[in-house]
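Me: I've got a model open and I'd like a close look at one part of it. Can you walk me through that part, and then show how the rest ties in?

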Amino acid sequence: MDKRTFEELISRIADNNKDALEEFYQDYGRLIFGIAFSVCKCSSDADEVVDEVLVKVWNSASQLYNIEKPKSWLRRVAHNFAINKIKSRKDIDVIQDKAIEEKGYEKVIDNLAFFEIISELDETEQQILSFKYIEDMTFADIADTIGKPVDTVAYEYYSALKKLKDQSDKFL
């Protein structure tokens, strides 16, 4: 994502150009979905987050000029919407059932196993590990997304890995 392309799309969206919003979705939809899925752990919730972010972009496009780091901004917006989505969940079992129907058992089992393994970690450590392993994000990208310094993200990542190792040593 380069700043110029982002600003051109935002300018066209601010002029109520629906084709520009479609281009925005084509260019950035996967990024938004990936961030949302890493937080929500459910594709239907992640899809809703994508929709919510697109609505935000559409409604506030005239105010989105001169964003220094558009990719970081977009990651942070997606992350915040995803956090709000999981806070509003009513029934986690129904959501997991939907995820199994949508993605197939093997993929969901892998994801659920991963999330079960990291469930004893605090929320920030879980997010960092999810971003690193599921989204294959760099520490810099994760730092931009969650609004923490890169050194802090790296420290929390390695601290979380140590906690997981200590947990596994108890059972081996």
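By how many residues, and by roughly what part of a helical turn, are Phe-24 and Tyr-28 separated in helix 2?

Reply: Sure, and keep in mind that this is a predicted model. Phe-24 and Tyr-28 sit 4 residues apart in helix 2, which runs over residues 18-40, so about one helical turn separates them. That spacing matters for direction: an α-helix has 3.6 residues a turn, so residues three or four places apart point the same way.

Now the rings. The centres of Phe-24 and Tyr-28 are 4.7 Å apart and their planes meet at 65 degrees, so this counts as an edge-to-face pair, the cut-off for that label being over 60 degrees. The structure has 8 aromatic pairs in total. Both Phe-24 and Tyr-28 are buried, and they belong to one aromatic cluster together with Phe-6 and Trp-73.

Phe-24 is worth following outwards. Setting aside neighbours within four places in sequence, its contacts are Phe-6, Leu-9, Ile-10, Ile-13, Gly-29, Ile-32, Leu-54, Val-57 and Leu-74. Phe-24 also stands out in the largest nonpolar core, which has 42 residues: along with Ile-32 and Val-53, Phe-24 touches the most other members. Helix 2 supplies the largest share of that core, with 9 residues. The elements giving two or more residues to the core are helix 1 (3-14), helix 2, helix 3, helix 4 (70-87), helix 7 (123-133), helix 8 and helix 9 (150-171).

Two of those helices have details you may like. Helix 3 covers residues 43-60 and holds Asp-45. With a relative accessibility of 6%, Asp-45 counts as buried, because the cut-off for that is under 20%. From Asp-45 to Ile-86 it's 41 residues in sequence, yet their C-alpha atoms are 8.1 Å apart in space.

Then there's helix 8, residues 139-146, where the buried residues are Phe-139, Ile-142, Ala-143, Thr-145 and Ile-146. These buried residues span an arc of only 165 degrees around the axis, so they lie on the same side of helix 8. Phe-139 has a charged partner too: Lys-132 lies over the face of its ring, 4.5 Å from the ring centre. Right after helix 8 comes Gly-147, with a positive phi near 75 degrees.

So, back to your pair: Phe-24 and Tyr-28 are about one turn apart in helix 2, and both are buried.

Note on methods
Residues are numbered from 1 along each chain as its sequence is written. This is a predicted model: local features need pLDDT of at least 70, side-chain atom pairs count only at pLDDT 80 or more; totals for chains, interfaces and linings use all residues. Side-chain values use heavy atoms; hydrogens and water are left out. Rings of Phe, Tyr and Trp (its six-membered ring) pair if their centres lie within 6.5 Å; planes under 30 degrees apart count as stacked, over 60 as edge-to-face and the rest as tilted. Buried means under 20% relative accessible area, exposed over 50%, partly exposed in between (1.4 Å probe, protein chains only). A charge sits over a ring if NZ of Lys or CZ of Arg is within 6 Å of the ring centre and within 35 degrees of the ring normal. The arc is that of the directions from the helix axis to the C-beta atoms. A nonpolar core is a set of buried Ala, Val, Leu, Ile, Met, Phe, Trp, Tyr and Cys residues joined through side-chain atoms within 4.5 Å. Contact means heavy atoms within 4.5 Å.
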